[in-house]
Every structure is written in C-alpha cells, then in structure tokens.
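Work through the exercises below with the model open in a viewer. Try each task before reading its solution.

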Amino acid sequence: MPTAAARGRLVLLAALLALLLALPVAAAAETIIDVATKSRADVARLADMGLDLAENAEIGATTVVARDGDIERIEQAGFTWRSNPMMGRVRLADRFGRAPDAGLYHTVEESAAELRALAKAHPKLARVEVIGKSIEKRDILALRIAGAPARRQAQQPKVLFMGLHHAREWIAAEVPHAIANELLGKYGKDPKITELVNGRVVYIVPVVNPDGLHWSQTSYSYWRKNRNPNGGGKYLGVDLNRNYGYKFGLTGASSSPGSDTYHGAGPFSEPCSQAVKALCEREKFTASVSYHSYGNLVLHPFGYGYNIPNPDQASFVRLARAMGGLTGYKAQNSAELYPAMGDSDDWLYGAMGILAFTFELGRQFVPNESEIAPICAANVKAALYLIEEAGKTVASNHPSRPDAVRGRIARLNELAREAARAAAPAVTAMTLERDGLCALLDPCADGDGARLEEYLKAWARFDETERSVQQSVLSEVKARTMAARDAGRIDAGDGARRLEKIKAALGE
Ligand code: 0X9
Ligand code: ZN
C-alpha cells in the first residue's frame with residue numbers, strides 16, 4: 001500500500017500527465033459558432049475577414065470555425081453569435097504519431113493502394129497517373145478510366161472528379177472512390193455503365209491535398225489547408241480552394257498566412273493546385289465536380305462576387321438542379337453561399353471552359369461511418385448523370401466549340417460598341433468576355449495555334465472601336481505567350497512563331 005504522501009504525489013503526477021496529454025488539444029482549440037448575419041453584405045464581411053466559414057452561409061446565421069481570437073474579432077466587428085448545437089464530430093487523431101486509423105475513411109496510403117489495385121484489376125480500362133507531388137512529396141494520383149480503343153479516346157468528352165481540397169473534409173475523398181468502383185465494378189455487367197465508360201474518358205483524383213488529409217488524420221482533425229510552411233514563419237498552410245488563378249484576390253480570401261482562407265503567395269503558388277491546372281490544360285475536360293463537405297449543396301460558378309454574369313448560366317442551372325434532384329441537395333450559385341475568389345470552379349470554368357461544379361456533401365466534415373454509403377450512393381447517381389451530359393452540354397467557352405473564339409469576339413465587340421454609345425458601359429460583362437477570350441488564346445490552351453489564327457483573321461476586319469478593346473486582348477496574349485515561352489511551358493519555336501504573328505498584327 002503506498003503511503004498517503006505517496007498517494008498524493010501519484011495523484012499530482014496523474015493530474016500533471018492528464019494536463020500534458022490535453023495540451024495539444026487545448027492548443028488547437030476551436031469552436032463552431034453561428035454568427036448572426038442579417039444580409040448578404042454581412043456574410044461577405046465575414047468572408048472578407050478571412051474567417052473559416054464552415055457551412056451554408058445563410059441570411060440568419062453563418063457557421064464559423066472560430067479560433068485564436070476570431071470570436072473577439074467577430075464581436076469587435078459588431079456581430080453577435082451563439083455556439084453551434086451541431087459541433088460536428090471531433091475525431092481526435094492519434095496525438096503520438098502512430099499510424100492513423102481513419103476507420104472506414106481512406107487514409108492517403110489506403111487511397112493510393114486502392115487506386116493501384118483497381119488499375120491492376122482492370123488493366124484494359126484504367127491506369128494510375130501521378131499528376132504531381134505535394135509539398136511533403138506525396139504523390140497526387142489520378143485514376144484514368146476509358147473503355148474505347150485508344151485512337152477513339154482523343155475525340156471523346158472527358159470528365160474530372162476531384163476530392164479533398166480541404167483536409168478535414170474526409171467524406172470528399174469517399175465519393176470519388178465510389179465513382180471509380182461503380183464504373184469499373186459494373187463495366188461489362190451493367191449496359192448503361194458499359195456505354196458510359198466506352199463513350200467517355202473519366203479522371204478521378206480522390207485526394208488533391210494528401211499532406212492536409214494526413215495531418216487531419218494524425219494530428220489535428222480540424223485542419224483545412226495544405227501544409228506549406230509559408231517561408232518558415234509562425235503560420236503555415238494555404239487554402240487550396242483560394243489558390244486558383246481566376247480573379248485571384250481578396251474577396252472571401254485572406255492575405256495573412258495565419259488565416260484558414262489564406263490564398264497563398266500568388267495564383268497557383270501551390271504544387272497541388274498546379275497539378276490540377278496542368279491536368280486540365282492537358283485534358284480539356286468538358287465537365288467536373290470538386291467534392292467538399294458540408295452543406296448538402298450543388299454549387300455552380302461564378303463564386304468570386306455576387307451576380308457575376310455567366311454566359312452558360314442556363315446550362316449550369318439545369319445540370320445543377322438535375323444533380324440536386326438525384327442527391328436531395330440544393331442547387332445554387334457559389335457566391336450565394338459566400339463570395340470567395342480563387343476557388344477551383346471559377347478557374348475551371350472561366351479559364352478552361354469546363355462545366356465545373358462543387359458539391360458540399362452531407363451535414364458534417366466527417367459524417368458518421370453509417371452515412372458514408374448513402375452519401376456515396378446518391379452522389380454516384382449524380383456523377384453518372386454528369387458523365388452522360390458531358391457529351392451533350394458543352395460550355396460556350398470550351399475549346400472544342402467551333403464558335404468559341406468567334407462567339408467571344410462578337411460579344412466583346414458588341415459590348416465595346418455599347419460602351420462607346422452609352423454612359424455606363426457593361427464593365428463586368430466586358431471583363432468577363434475579355435478574360436474568356438484571353439484564356440482561349442492562351443498558348444497553353446491553344447494546341448496547334450488554330451484559335452490564334454482564327455482571331456488574327458477577324459482582327460484584320462475590326463473597326464476603330466473594336467480595335468481599341470481588342471488591342472488589350474492581343475497585348476495580354478502576347479504577354480502570356482512570352483511568359484509561357486520563358487517558363488518552357490511551350491516549345492520555343494512555337495512561341496517565336498506565335499509572337500511574330502501577334503507583333504505583326506499589333507504593328508510592332
Ligand atoms: O469555402 C470553400 O472553399 C467551399 N466551402 S467549404 O466549407 N467546403 O470550405 C465553398 C466554395 C464555393 N465557392 C465560392 N463560394 N466561391
Ligand atoms: Zn471544402
């Protein structure tokens with residue numbers, strides 16, 4: 001029997017040990033709160049403060065994952081709040097660095113092993129591609145699925161499914177895996193699936209942010225960003241869904257490395273978003289989904305500001321509603337959730353002409369394991385629908401559209417005439433058209449230069465007003481061509497030929 005004094009020391013020791021064990025959790029304390037938001041302007045103000053908006057931002061209440069003085073900042077800005085009754089499941093990861101056990105959820109290693117096993121089991125249909133490497137040197141993997149003979153595949157519509165830009169949204173990797181299993185598991189057995197796999201090329205990237213997922217599953221379950229040390233300062237991590245290079249900037253994103261919506265040092269500063277960019281530039285997808293959690297939503301671009309005109313609005317709304325019907329999710333414009341620049345969809349659509357959707361899965365970042373199967377089943381249906389539609393509905397700025405360049409030239413010229421006539425030019429619409437045209441003529445997107453040729457043919461016929469607005473397009477394309485040549489993204493000879501033609505048109 002220990003003495004009373006020894007028992008006392010033991011109790012003290014145990015208390016100290018408990019305190020020590022609790023420390024890593026306490027240091028990472030965060031609270032999920034509902035902030036009262038009376039208007040869309042309130043929601044936008046919260047997003048602009050660089051706060052971590054967790055769920056459906058609605059007029060009424062906006063859910064925020066608050067930490068490190070966030071609540072004080074929210075109060076100082078004049079908002080009131082209460083704690084969120086549905087705190088989400090805090091899955092305490094192993095604090096001691098042992099192998100993570102994510103239960104039914106895939107770890108990074110399990111995800112990679114499953115993709116490789118699928119490719120091995122279906123060598124005629126699937127292969128694994130390493131599309132990039134994360135900052136911590138993990139592979140970013142894509143599974144490519146296609147059933148047609150190789151020579152026919154180049155002509156077929158291509159669809160991209162991506163998961164897990166955000167570390168803590170574990171369910172976002174499960175749906176892409178479920179899509180892969182559905183397509184490969186039912187090929188040759190289910191006529192509809194066989195037809196889809198034979199008629200399309202499907203790319204599946206279950207984990208865009210492997211470093212973040214690993215960290216969330218081993219150290220800090222609420223981690224959102226990647227693990228970029230950001231130059232070795234106090235804070236780390238970049239929000240990959242603020243790092244895409246379309247309208248890159250500050251709305252709904254932060255320039256502070258400590259913020260959970262830090263957009264990074266510049267557009268596409270991160271290897272993981274660069275990997276997606278390179279894949280899209282190469283493959284010219286017609287449709288895509290990026291999976292996130294949570295909110296039971298189907299979102300469509302643009303998300304960088306309220307009421308940004310979208311030339312493909314009708315197609316987006318129709319497809320989003322149909323997929324909303326199949327999942328039970330609400331279809332809405334991204335900015336209606338909250339305006340935020342630099343998300344994947346804005347770039348995939350605005351710059352690449354992809355009908356790009358974001359799904360907010362379920363009601364928690366990490367739903368209970370019993371919910372994984374029903375969430376995947378509903379979302380697989382929506383994915384199959386999109387794979388089918390990708391052959392029928394194509395965005396107006398997709399490079400495969402023969403009218404893409406001509407359509408944009410005509411619309412931009414019309415807007416220029418309108419601007420010359422009226423006092424209030426349609427500035428946003430003009431910017432949109434001009435950006436879209438520059439993206440089409442970007443040397444990295446304009447394979448053999450056919451679009452530049454088409455543009456230069458039209459150039460010769462522009463009147464004075466048209467010339468003034470088109471001048472800025474051609475100057476931008478010139479700058480992009482020089483940058484692409486200098487960075488080795490295009491062949492030096494090809495770059496020189498393009499520049500010669502551009503300079504001749506500009507009279508240089
Ligand atoms: O904020 C995000 O990146 C996404 N929500 S999440 O809770 N999964 O982080 C939504 C992005 C939607 N796009 C815009 N609002 N621009
Ligand atoms: Zn997310």
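The exercises that follow use a predicted model, and each task comes with a worked solution.

**Exercise 1. The zinc site**

Task: Identify the protein donors of the zinc ion (ligand 2) and state how they are spaced in sequence.

Solution:
- Step 1. Collect the donor atoms. They are ND1 of H166, OE of E169, listed twice, and ND1 of H292. Their distances from the zinc ion run from 2.0 to 2.3 Å.
- Step 2. Write the spacing. The donor residues follow the pattern H-x2-E-x122-H.
- Step 3. Place the pair E169 and H292 on the chain. E169 is in the loop between β7 (158-163) and α6 (171-186). H292 belongs to strand β9 (residues 287-292). The two are 123 residues apart, so the pair links distant parts of the chain.
- Step 4. Check accessibility. The cut-off for buried is under 20% relative accessible area. E169 has 3%, so it is buried. H292 has 2%, so it is buried too.

**Exercise 2. The surroundings of ligand 1**

Task: Describe the shell around ligand 1 by class, then find polar contacts to ligand 1.

Solution:
- Step 1. Take the shell. There are 17 residues around ligand 1, and R224, R242, Y338, D343 and E360 come nearest.
- Step 2. Sort by class. The shell has 6 nonpolar, 6 polar and 5 charged residues.
- Step 3. Look at nitrogen atoms of ligand 1. A polar side-chain atom of E169 is 3.0 Å from one nitrogen atom. E169 is also a donor to the zinc ion (ligand 2). From S293, a backbone N or O atom lies 3.4 Å from a nitrogen atom of ligand 1.
- Step 4. Look at oxygen. The side chain of Y338 places an N or O atom 2.5 Å from an oxygen atom of ligand 1.
- Step 5. Account for the area. Alone, ligand 1 exposes 420 Å², and the protein buries 100% of that.

**Exercise 3. The span of helix α13**

Task: Why does the end-to-end distance of helix α13 (residues 369-389) agree with its number of residues?

Solution:
- Step 1. Count. Helix α13 has 21 residues.
- Step 2. Predict the span. The rule is 1.5 Å times one less than the number of residues. For α13 this should give 30 Å.
- Step 3. Compare. The end C-alpha atoms are 31 Å apart, which agrees.
- Step 4. List what is buried. The buried residues of α13 include I372, I375, N379, L384 and E389.

**Exercise 4. Unusual backbone geometry**

Task: Which peptide bonds, from S293 and from P301, are cis or trans? Then treat the phi angles of K137 and N296.

Solution:
- Step 1. Start at S293. The peptide bond from S293 to Y294 is cis, with omega near 15°. Y294 sits in the loop between β9 and β10 (297-300).
- Step 2. Go on to P301. The bond joining P301 and F302 is cis, with omega about 5°. F302 is in the loop between β10 and α10 (313-327).
- Step 3. Turn to K137. Its phi is near 70°, a positive value in a residue other than glycine. K137 lies in the loop between β5 (126-133) and β6 (139-146). At 61% relative accessibility, K137 is exposed.
- Step 4. Take N296. Its phi is positive, about 55°, although N296 is not a glycine. N296 is in the loop between β9 and β10. At 22%, N296 counts as partly exposed.

**Exercise 5. Contacts across the sequence**

Task: Place E453, N397 and Y304, and give a contact or a distance for each.

Solution:
- Step 1. E453 lies in helix α16 (residues 450-459). At 36% relative accessibility, E453 is partly exposed. Its side chain makes a polar contact of 2.5 Å with the side chain of K501. E453 and I502 are 49 residues apart in sequence, yet 9.8 Å apart in space, C-alpha to C-alpha.
- Step 2. N397 is in the loop between α13 and α14 (404-421). N397 has 3% relative accessible area, so it is buried. A polar atom of its side chain lies 2.9 Å from the backbone oxygen of Y349.
- Step 3. Y304 is in the loop between β10 and α10. At 10%, Y304 counts as buried. Y304 and G342 are 38 residues apart in sequence and 7.3 Å apart in space, C-alpha to C-alpha.

Key. Residues are numbered from 1 along each chain as its sequence is written. Chains are lettered from A and ligands numbered from 1 in the order in which they are written. This is a predicted model: local features need pLDDT of at least 70, side-chain atom pairs count only at pLDDT 80 or more; totals for chains, interfaces and linings use all residues. Side-chain values use heavy atoms; hydrogens and water are left out. Donors are N, O and S atoms within 2.8 Å of the metal (3.2 Å for Na, K and Ca); water is not among the atoms, so sites may look incomplete. Helices (H or I, at least four residues) and strands (E, at least two) are DSSP runs, numbered from the N terminus. Buried means under 20% relative accessible area, exposed over 50%, partly exposed in between (1.4 Å probe, protein chains only). A residue is near a molecule or strand if one of its heavy atoms lies within 4 Å of it. A polar contact is a pair of N or O atoms within 3.5 Å; within protein, one must be able to donate a hydrogen and the other to accept it, and residues adjacent in sequence count only if both atoms are side-chain atoms. Accessible areas come from the Shrake-Rupley method with a 1.4 Å probe; for residues, only the protein chains shown count as cover. Ala, Val, Leu, Ile, Met, Phe, Trp, Tyr, Cys and Pro count as nonpolar, Asp, Glu, Lys and Arg as charged, and the others, Gly among them, as polar.
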